[in-house]
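Biologist: I should like to learn how the features of a structural model are read. Could we begin with the pairing of strands?

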Amino acid sequence: MISFNKYYNHFNLLSSVLIVVSLLLLIFKGLNFGIDFKGGTLIELRSTDTKINVSSLRDKFNQMDLGDVSVKKFGNDTDFLVKFENKDNKKNIIEEIKKNLDNSFGNNYDFRRVENVGPKVSAELLKSGVIAISLSLALMLIYIWIRFEWQFSLGAILALFHDVIVTLGVFSLFSLEINLSIIAAVLTIVGYSMNDTVVIFDRVRENLRKYSDIKIFELTNISINETLSRTIITSATTLLALLAIYLFGGEILKGFSLAMILGVVFGTYSSIYIANTVLVRLRVSQKTVLREDDLK
Amino acid sequence: MLYFSKLRILFITFFTVLLILIASSNIFKFDDSFFDKKINLGLDLQGGSYLLLEIDNEPVIEQKLQNLTTTIRNYFKEKNIKINNIQIESQNIFFNVADKDKQSVIDVFQDENSDLNPYYPRFKSHQLKIEDTGLNLKVNFSRQGLITLKTSSQDQAIEIVRRRVDEVGTNEPNILKRGNNRILVELPGLDDPMRIKALLGKTANLTFRFVTNDENDRFGIENLKFENGLEEARVSKRIIISGENLLDAQPKMDAQTNQTIVSFTLDRVGAKRFGKATSTGIGKQLAIVLDGKIISAPVVQDTIASGSGQISGGFTFQSATDLALLLRSGALPAPLEIIEERTVGPDLGQDSINAGMIALAIGFLLVIIFMFVKYKIFGVITNVTLIINLFILLGILTLFEATLTLPGIAGIILTVGMAVDANVLIFERIKEELKDEKNNILAFDGGYTKSRTAILDANITTLLAAVILFFMGSGPVKGFAVTLGVGIFTTLFSVYFIARLFTSIYVSRNKDKEKLI
């Protein structure tokens with residue numbers, strides 16, 4: 001049996017630091033919102049001419065007075081991702097850009113993807129994203145409240161907040177782009193983290209009924225160990241699947257799978273070191289938790 | 001938990017085989033009359049354009065209020081009430097009446113049988129609201145009035161949009177209402193949406209009006225620019241004929257001038273009006289105005305009584321074709337603005353499909369190898385179940401003709417990764433049971449029973465997340481929610497029926513073997 005409980009305090013401290021750092025990052029550095037949430041235009045471009053590279057593209061786009069322009073390589077050497085604000089929300093901007101590029105590069109490029117999100121839509125998307133995440137957290141809280149007692153709800157929700165905040169913190173730290181698929185990833189993380197926590201909690205509750213003389217400090221450790229191989233195997237297969245998406249699923253899914261990978265790692269960690277420690281700190285015991293009918 | 005009745009086995013087998021057959025109909029061509037359902041590919045996979053249009057209702061509201069001022073004035077004139085200082089300001093009509101008349105004016109607006117202010121019994125609300133500001137009376141659209149107005153302009157607009165898109169002839173466009181002032185247009189397979197965007201961006205309000213210098217024109221005059229933006233002309237506000245009078249419009253080549261023109265045919269009312277106007281207006285310039293700009297202003301040479309005519313204006317064949325198309329499909333009630341556009345080229349879509357399939361295959365393989373190494377024979381059972389699960393998932397997606405998107409494929413891969421969870425929970429539990437329980441059957445039974453609440457809880461939480469995502473998410477993300485959500489159900493089915501059936505067969509044949517798992 002591994003003594004996870006020996007490190008409860010250490011990891012609680014670590015998590016607190018991680019959360020504070022993440023919050024500071026989110027407040028002061030902020031998130032790198034993509035066009036879905038900030039508005040603007042995105043063009044994915046593939047060239048067949050070596051003359052077309054990041055710097056020549058950047059020069060061309062900067063001449064067109066489009067506001068902030070960012071040009072990046074996208075996957076391989078022939079693909080580029082161009083993003084700009086399109087501040088005045090010009091109508092025929094894509095046609096104009098095509099004309100301009102035709103003049104310099106001829107017919108040696110191709111727009112593979114064009115996305116244009118107006119300011120109204122991006123504001124709405126951001127709002128509905130925030131609502132979706134808040135709603136899912138609230139629903140999880142209610143669900144676990146019905147299924148377990150409040151101490152368990154608190155533990156699970158703290159673990160969820162930890163996972164979401166720290167994942168977003170990593171995205172902020174490395175200025176990774178937040179777009180619609182990241183919201184999907186965060187919601188899935190919420191589901192996954194909850195899933196993981198519930199499995200351990202289920203065992204904690206079962207053990208609470210079984211052993212009346214073991215303190216919660218020991219009891220959580222026993223429960224973690226009993227469910228450990230399941231935790232490892234499920235995390236491993238999920239991570240394998242996600243790794244396959246990350247490595248082979250194409251550029252578009254990279255951000256999504258990265259967020260999920262982070263979420264699974266944090267989710268697994270938090271089920272052990274946050275959710276359980278809440279039970280310990282609240283001194284959960286057979287008496288405080290089990291309802292009478294549970295004991296019958 | 002390990003007992004299966006014959007009937008149940010039959011049912012499980014039937015259901016599973018049926019769904020696998022349905023799933024494989026995506027690969028093998030079945031006779032269409034027999035089964036024609038298929039998984040749709042999202043725009044991000046097959047390529048195409050997604051356009052979200054917003055109707056700008058301001059001009060419609062302004063116009064309605066403008067008309068209303070005349071109506072109000074005339075209505076109360078008949079009742080010998082004088083309306084003074086009537087004016088429109090930020091979507092409100094303000095006017096003054098003598099103090100003694102104030103209440104009777106308000107009463108007219110608030111009468112449920114008022115013929116000036118329609119009452120909607122369904123919403124218990126009038127179309128218009130009236131308010132005494134002290135200084136004057138203020139009339140504006142009520143909430144329900146605005147909604148009714150927006151809905152009706154949306155209904156008209158969606159009809160026109162549909163006609164225009166159909167005329168261009170893209171395959172299987174999807175045109176839907178969004179809210180009460182938006183229209184969603186999905187155009188699969190369309191690589192370059194520029195032409196459609198240009199067509200949808202035009203209101204196509206066509207009028208024929210005389211050029212005039214008569215300052216005393218009864219209808220008023222206005223200065224309008226020509227299409228080239230250089231010249232201007234003074235045009236009467238009196239409309240001779242408008243786009244509504246057109247029966248047909250076609251691009252043509254004028255044999256005499258060798259120019260591309262748009263020829264049109266008028267309906268009976270239009271033909272009569274056009275004939276009368278051209279007979280009295282010989283020698284005058286007739287301006288052809290489209291969306292506030294003059295296309296051309298030819299001099300009337302002769303009476304045109306045939307009800308057909310032509311528009312010239314330095315068109316290319318393409319622009320003449322588009323103008324004819326716009327005129328045929330009719331004018332939009334209000335201008336449309338494209339507020340969101342997402343276009344994916346078909347080759348990127350194909351690349352995404354390939355990448356998704358490779359990731360699925362590799363993810364699947366990794367999970368299968370892992371499970372085999374970890375659980376041996378029960379790993380094989382899990383793996384077979386996983387494969388069947390994948391087919392059942394695809395079968396259900398086919399049955400509902402769901403749309404598969406790139407995030408949707410990611411959802412399937414994720415399902416593969418997470419689907420083993422339930423099996424693992426059960427197997428691990430059985431292992432624990434086997435520590436105290438020597439009877440294999442009892443241990444397996446206990447494992448299944450005792451792991452049930454954890455499995456149920458775990459899956460319900462993921463399902464909750466998927467449901468929220470489905471209702472809040474848009475486009476491709478919705479596809480992810482669908483595969484993730486459906487995946488949960490198929491996983492539970494395959495774990496509790498298929499894997500359990502295999503397990504039960506295996507265990508009953510090896511019930512005396514030690515260390516079964």
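Modeller: Two strands count as paired if DSSP finds at least two bridges between them. The model shown here is predicted. In it, strand β5 (residues 109–117) of chain A runs antiparallel to β20(B), and five bridges join the two.

Biologist: Which residue of β20(B) is the bridge partner of A:Val117?

Modeller: That partner is B:Glu340.

Biologist: How many residues does each chain bring to the contact?

Modeller: The size of an interface is often given as the accessible area lost when the parts come together. Here residues are counted instead: chain A gives 56 residues and chain B gives 55. On the side of chain B that touches chain A, two or more residues come from each of β20 (336–344), α9 (346–375), α11 (406–436), α13 (452–472) and α14 (476–509) of chain B. By class, that side has 33 nonpolar, twelve polar and ten charged residues.

Biologist: What is the strand order in the open sheet of three strands in chain B?

Modeller: The order is β15-β16-β19, and the pairing is antiparallel. β15 (246–253) and β19 (308–315) of chain B each have a single partner strand and stand at the edges, so one side of each lacks a neighbour in the sheet. From one strand to the next, the twist averages 25°. Between β15(B) and strand β16 (residues 260–266) of chain B there are seven bridges, and B:Pro251 stands opposite B:Val262 in β16(B).

Biologist: Which helix lies across β15, β16 and β19 of chain B?

Modeller: Helix α8 (residues 317–329) of chain B does, running at about 175° to β15(B).

Biologist: Why does the distance between the end C-alpha atoms of helix α5 (residues 143–168) of chain B agree with its expected span?

Modeller: At 1.5 Å a residue, the 26 residues of α5(B) should span 38 Å, and the end C-alpha atoms are 37 Å apart, which agrees. The buried residues of α5(B) are B:Gly145, B:Ser153, B:Gln154, B:Ala157, B:Ile160, B:Val161, B:Arg164 and B:Val165. After α5(B) comes B:Gly169, with a positive phi near 80°.

Biologist: Into which domains is chain B divided?

Modeller: Chain B has domain 1 (6–47 + 345–509), domain 2 (50–55 + 149–200), domain 3 (58–146) and domain 4 (207–338). The C-alpha centres of domain 1 and domain 2 of chain B are 37 Å apart. Six residues of domain 1 of chain B are in contact with five of domain 2 of chain B. On the domain 1 side of this contact, two residues are nonpolar, four are polar and none is charged.

Conventions. Residues are numbered from 1 along each chain as its sequence is written. Chains are lettered from A and ligands numbered from 1 in the order in which they are written. This is a predicted model: local features need pLDDT of at least 70, side-chain atom pairs count only at pLDDT 80 or more; totals for chains, interfaces and linings use all residues. Domain bounds come from an automatic or database domain assignment. Two residues are in contact if their C-beta atoms, placed from the backbone, lie within 7 Å. Ala, Val, Leu, Ile, Met, Phe, Trp, Tyr, Cys and Pro count as nonpolar, Asp, Glu, Lys and Arg as charged, and the others, Gly among them, as polar. Helices (H or I, at least four residues) and strands (E, at least two) are DSSP runs, numbered from the N terminus. Axes are lines fitted to C-alpha atoms, for helices over the stretch in contact, and angles run from 0 to 180 degrees between N-to-C directions. The expected span of a helix is 1.5 Å times one less than its number of residues. A residue is buried if 20 or more other C-beta atoms lie within 10 Å of its own, exposed if 12 or fewer, and partly exposed in between; C-beta atoms are placed from the backbone.
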